[in-house]
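Let's walk through this model together, starting with how far to trust it and then moving on to how the chains meet.

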Amino acid sequence: MTTTDIHALLGAYALDAVDDLERVAFERHVAECEACRTEVGELRETATRLADSTWSVPPPRLRSDVMAAIGRTRQLPPVESARTVVPRATAPRWRRLTAVAVAAGILAAGASAGVWVVQEQRVRDERAVVAAAEAREARTRSILSATDLVVRTAPIIGGGRVTVASSASQGASVVSMRADASPAKDRAFQMWTIRGTGPAVSAGVLPAGQASAVEIVQGVPGNDVFAISLEPAGGSPSPHEVVSQVFLT
Amino acid sequence: MTERGAARRPDHLSAVPDPESRPPSDVGDLLRAVARGDEAAFGRLYDLVSPRVYGLIRRVLRDPAQAEEVAQEVLVEVWRTAARFDAGRGSATAWIFTIAHRRAVDRVRAEQASADRTMRVGVASVDTPYDEVVDEVSGRLERQQVRRCLDDLTDLQRQAVTLAYYQGHSYREVADLLEAPLPTVKTRMRDGLIRLRDCLGTEVNA
């Protein structure tokens with residue numbers, strides 16, 4: 001996704017009409033764009049006015065419930081509590097928290113595929129699967145919370161979208177893809193990385209017929225293009241029918 | 001109604017809020033007191049914002065029971081994170097409603113993802129007469145202003161903005177619903193909000 005694409009999300013972002021990865025990409029863009037920050041602030045204030053027309057009196061017990069709940073809820077200290085707070089000091093932590101929220105969203109999005117895998121393999125070695133799932137989740141979180149995270153997205157031919165969230169410091173990316181149409185039963189999506197004019201290097205093959213995935217792909221940062229192609233089941237040595245390209249540089 | 005209301009207030013006094021309307025600075029002052037652990041200030045803040053917080057969440061979720069649950073989460077979150085509010089980034093009101101709206105939208109998306117949304121329409125459609133009374137005295141001016149400004153938008157702008165804000169749809173869903181191209185929907189959301197901002201801004205000063 002180019003800067004122009006991200007910038008075009010300004011109104012949608014102010015209305016919470018973006019997905020989690022777009023939200024992260026946009027907030028990163030805004031952190032470096034003073035004019036955007038001003039406009040987002042104004043449009044957020046405007047969107048808030050839309051709540052003016054939604055008055056509805058809550059049930060009286062809500063007040064007692066909330067007052068009771070705050071009585072047992074510890075308040076967070078201001079960000080950077082021990083030191084002098086500079087106005088923008090909140091941004092990095094805010095973004096880290098957002099990234100964790102995104103990790104949760106991605107894990108939720110990948111949950112249905114994950115459940116299937118777990119069920120199939122449970123008979124073989126339940127503990128290994130659980131350990132692998134936990135490691136995968138931890139790895140996903142650490143990539144998505146990296147301070148140097150760069151998020152790029154591209155459409156898939158025939159409908160759908162690929163999002164590549166890369167961290168150079170982690171040397172890996174979290175790839176989330178969802179195609180509108182599933183490949184035929186004997187066909188599969190295959191992922192590739194391309195550097196300069198060199199050949200495409202396979203970054204993994206999805207199970208035949210599977211239309212969506214959330215994958216951790218090592219070594220994506222440093223490449224120029226991340227691509228998805230449609231191949232015979234099991235994959236090919238080089239891509240045949242490229243359906244999406246995400247430009248990384 | 002509006003003309004009468006406006007006529008009662010001479011132009012040069014319009015900056016002074018009348019007792020029924022919400023004085024925005026109060027929300028900010030109360031939030032700062034809440035950040036210092038002042039439970040009484042939180043109670044006053046609750047009284048000031050909870051009908052709109054609950055109303056907004058209920059509008060998005062439709063289900064009063066779920067709305068109550070999410071409203072409680074949001075209000076407790078306001079208490080918990082009050083010290084993180086940064087006045088340099090926007091008003092206290094916008095900060096609170098950003099939390100409320102995002103939580104409501106997150107709940108909608110989570111429900112869509114789990115695909116087990118249960119419709120409890122029968123309960124959802126009941127409005128107590130008490131609602132209307134409080135609506136009448138408290139929200140009338142702002143509601144009319146927002147509605148009039150929404151009417152000023154083009155159809156596509158208005159539909160894009162309201163489908164996203166009040167129904168919690170993503171811009172992709174809005175594009176599907178309106179059978180409009182994605183870039184158009186993104187643009188209409190932005191220029192619709194800009195037009196709304198200009199309209200509301202003008203009316204506040206009028």
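A quick definition first: pLDDT is the predictor's own confidence in each residue, on a scale from 0 to 100. You'll want it here, since what you see is a predicted model.

Chain A is where that score matters. Its average pLDDT is 78, with 76% of the residues at 70 or above. Look at the helices of chain A and you'll find the spread: helix α2 (residues 10-14) of chain A has the highest mean pLDDT of the elements there, 96, while helix α6 (residues 90-109) of chain A has the lowest, 48. Residues 81-97 of chain A stay under 50, and the model gives them 16 contacts beyond four places in sequence. Another such run covers residues 110-123 of chain A, again under 50, with eight contacts beyond four places in sequence. Where pLDDT is low, don't read the predicted coordinates in detail.

Now turn to chain B. It is built from 10 helices and zero strands. Of its 206 residues, 36% are buried. If you take the contacts in chain B with a separation of 6 or more, 62% of them link residues 24 or more positions apart.

So how do the two chains meet? In the model, 63 residues of chain B are in contact with 46 residues of chain A. Several helices of chain B each supply at least two residues to that side, including α4 (64-81), α5 (92-114) and α10 (182-205). The largest share, 12 residues, comes from α3(B). Sorted by class, the side of chain B that touches chain A has 28 nonpolar, 17 polar and 18 charged residues.

How values were computed. Residues are numbered from 1 along each chain as its sequence is written. Chains are lettered from A and ligands numbered from 1 in the order in which they are written. This is a predicted model: local features need pLDDT of at least 70, side-chain atom pairs count only at pLDDT 80 or more; totals for chains, interfaces and linings use all residues. Two residues are in contact if their C-beta atoms, placed from the backbone, lie within 7 Å. Helices (H or I, at least four residues) and strands (E, at least two) are DSSP runs, numbered from the N terminus. Ala, Val, Leu, Ile, Met, Phe, Trp, Tyr, Cys and Pro count as nonpolar, Asp, Glu, Lys and Arg as charged, and the others, Gly among them, as polar. A residue is buried if 20 or more other C-beta atoms lie within 10 Å of its own, exposed if 12 or fewer, and partly exposed in between; C-beta atoms are placed from the backbone.
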